[in-house]
Structures are given as structure tokens and as C-alpha cells.
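Q: I have a chain here that I would like to understand better, and I would love a close look at its sheet. Could you walk me through that part and how it sits in the whole?

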Amino acid sequence: MEVVIAPEQELAALAADAIESLLRRRPRTVLGLATGSSPLKVYDELARRHAEEGLSFAEARGFMLDEYVGLAADHPERYRNVIATEIAERVDWPADQVRGPDGLASDLPAACAAYEESIRAAGGVDLQLLGIGTDGHIAFNEPGSSLASRTRIKTLTRQTQVDNARFFDGDVERVPTHCLTQGLGTIMEARHLVLLATGKHKAEAVHQLVEGPVSALWPATVMQLHPHATVLVDEAAASRLQLADYYRQTYASKPDWQGL
Ligand code: F6R
């Protein structure tokens with residue numbers, strides 16, 4: 001696992017570099033998309049590169065990590081709409097090439113199975129962007145999730161509802177109670193995992209993710225078992241890392257050509 005400690009804007013540029021390099025080499029790249037605050041600067045940077053440098057998503061496929069259950073199709077916080085607004089519609093990405101689990105399906109387990117199948121049919125995810133919850137979740141795999149789990153329905157913890165209330169006018173009661181989420185086993189099949197975390201409130205989760213024992217109590221720790229995982233953190237999110245100096249030293253002496 002590689003840990004890079006840098007200012008937020010620099011982290012966003014690094015993630016965008018990794019995505020750009022995939023898209024330039026293979027326009028039909030499959031990208032895994034996260035919602036929430038963590039990837040927003042990456043999406044801004046990708047939109048800028050599209051507008052100013054001709055970076056194209058026209059042939060790319062995108063798969064979202066998760067979706068709330070039951071939010072109306074036109075609700076601005078429905079993740080499908082968030083991804084359209086934050087990235088897909090800001091670049092040349094055809095709407096039908098970006099998919100997410102269907103939180104409005106009448107048969108939710110069937111929708112989850114169909115979603116797994118569509119990721120498989122696309123050849124799997126090349127690069128998966130991730131954020132981390134303060135309770136250590138990735139996607140919406142809350143503490144206690146099976147490390148081998150697949151796309152399924154989950155109940156959000158109260159902590160996650162409280163954390164996400166800011167997207168619902170600060171009203172925790174308006175945050176949905178359930179979601180559909182890629183499982184940890186699903187996420188682990190992506191070829192490169194790139195997790196972004198900023199702010200002191202993420203410091204304990206980041207410490208556990210990188211340095212804690214692998215455990216369902218901190219679901220993100222499963223990433224320690226991935227052969228190509230990159231953790232991009234600012235100073236505040238890195239503030240509890242025991243080996244921070246070593247990560248800094250390693251990154252500082254990394255050859256430029258290596259990329260993430
Ligand atoms: C969202 C997702 C979540 C968030 C996490 C952090 O698609 O999968 O795991 O990444 O809740 O959220 P932010 O980035 O808003 O702090």
C-alpha cells in the first residue's frame with residue numbers, strides 16, 4: 001500500500017494523473033466512481049483537463065460505488081444525479097456509459113446481482129476512486145461487513161447518517177436509512193484502488209486503514225490485502241499515522257516515471 005501525504009490540491013492532481021494516463025492509453029477504460037466530498041477536487045481537475053486539454057471520456061465506462069435506496073429519481077442527492085452533476089455532464093461522457101446500482105428497483109437483490117454482472121461484462125474496474133467514512137467504511141460497507149461481500153443492501157450506521165446530514169440541509173432524519181453498495185469483495189477486484197481522505201475527522205479511520213489489523217470492524221482495512229492500493233491524504237488526515245515519516249521519505253525518493 002502506498003501512502004502519499006500532500007496538500008489536497010496536489011492529491012487531486014495525482015489521482016487525475018492516474019486516471020488521465022489510463023484514458024490516454026486505453027479510451028475504453030473502466031472507472032469506479034465515488035460520491036461524497038472526497039473526490040470533488042479530482043472531478044474538478046478532470047473537468048478542467050477535458051475543457052482545456054482535450055481529455056476525453058467518450059469511450060470510458062463508469063461504475064458507481066453505491067446508491068441510496070428510495071430517493072426519488074429527480075432528488076439532487078441521489079448518487080446517480082450527483083455523479084452526473086459533478087463529473088459526467090461536465091465532460092463528454094455519454095449518460096448510458098455511467099451506471100450505478102438501482103436504488104429504486106422493485107426487486108433490490110435482483111438489481112444488485114444485475115449490477116455485479118454489468119461490472120463483470122465491462123471487464124472489471126481499472127481504477128476505483130474511494131473515500132472513507134469516519135467509521136472506516138468504504139463505499140457503504142459499514143463496520144461488520146463481510147470482507148468478501150458483494151453488491152447488496154445495507155443499513156447505514158447512525159454515524160454515517162449524521163456525517164451525511166450536511167447534504168440534506170443538516171437534517172439527519174432526511175438521510176435515507178438504507179443503501180445499495182458494492183461489496184468489499186467487489187471493490188477488491190478493481191485493478192487499482194485510489195482512496196482520498198482529508199481533514200482531522202478522518203485521521204483515526206486512515207490510521208486503522210493503513211496500520212490497523214485487518215478487521216470487519218474497520219472495513220477499509222481490507223485494502224491492505226490489495227496488491228495495488230494508493231492512499232492519498234492531507235496532513236490532517238495523516239496526523240495519526242505511526243509511520244508518517246517513512247511514507248514521506250518513500251514518496252520523496254520515488255522516481256517521477258513511476259506514477260501511482
Ligand atoms: C460514497 C461512498 C462513501 C464516502 C464516504 C466519505 O460513494 O462510497 O464511502 O466515500 O462516506 O464521504 P466524504 O467523502 O463525503 O467524507
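To set the scene, among contacts in the chain between residues at least 6 apart in sequence, what percentage join residues at least 24 apart? And then, in what order do the strands of the open sheet run?

A: Happy to help! Please keep in mind that this is a predicted model. For your opening question, the value is 79%: that share of the contacts between residues at least 6 apart in sequence joins residues at least 24 apart.

Now to the sheet. The chain holds 8 helices and 10 strands, and 7 strands come together in an open sheet. Reading across, the order is 1-10-9-6-2-3-5, with parallel pairing. In general, strands of a sheet pair through backbone hydrogen bonds, either parallel or antiparallel.

The edges are taken by strand 1 (2–5) and strand 5 (98–99). Each has a single partner strand, so one side of each is left without a neighbour in the sheet.

Strand 2 and strand 6 are next to each other in the order. Strand 2 covers residues 30–33 and strand 6 covers residues 127–130, and the two pair in the parallel sense over 2 bridges. If you want a spot to zoom in on, leucine 31 stands opposite leucine 127 in strand 6.

Stepping back to the whole chain, the C-alpha trace spans about 55 × 40 × 35 Å along its principal axes. Of the 260 residues, 56% count as buried. The accessible surface comes to about 11300 Å², and carbon and sulfur atoms account for 53% of that. As for charge, there are 25 positive and 36 negative side chains, with the centres of the two sets 3 Å apart.

How values were computed: Residues numbered from 1 in each chain as written. Predicted model: local features only at pLDDT ≥ 70, side-chain atom pairs only at ≥ 80, totals over all residues. Heavy atoms only, no water. Helix = DSSP H or I, 4+ residues; strand = E, 2+ residues; numbered from the N terminus. Buried < 20%, exposed > 50% of the residue type's maximum accessible area, 1.4 Å probe, protein only. Contact = heavy atoms within 4.5 Å. Areas by Shrake-Rupley, 256 points an atom, 1.4 Å probe, with all protein chains shown as cover. Lys, Arg positive; Asp, Glu negative; His and termini not counted. Charge placed at Lys NZ, Arg CZ, Asp CG, Glu CD. Pairing = 2+ DSSP bridges.
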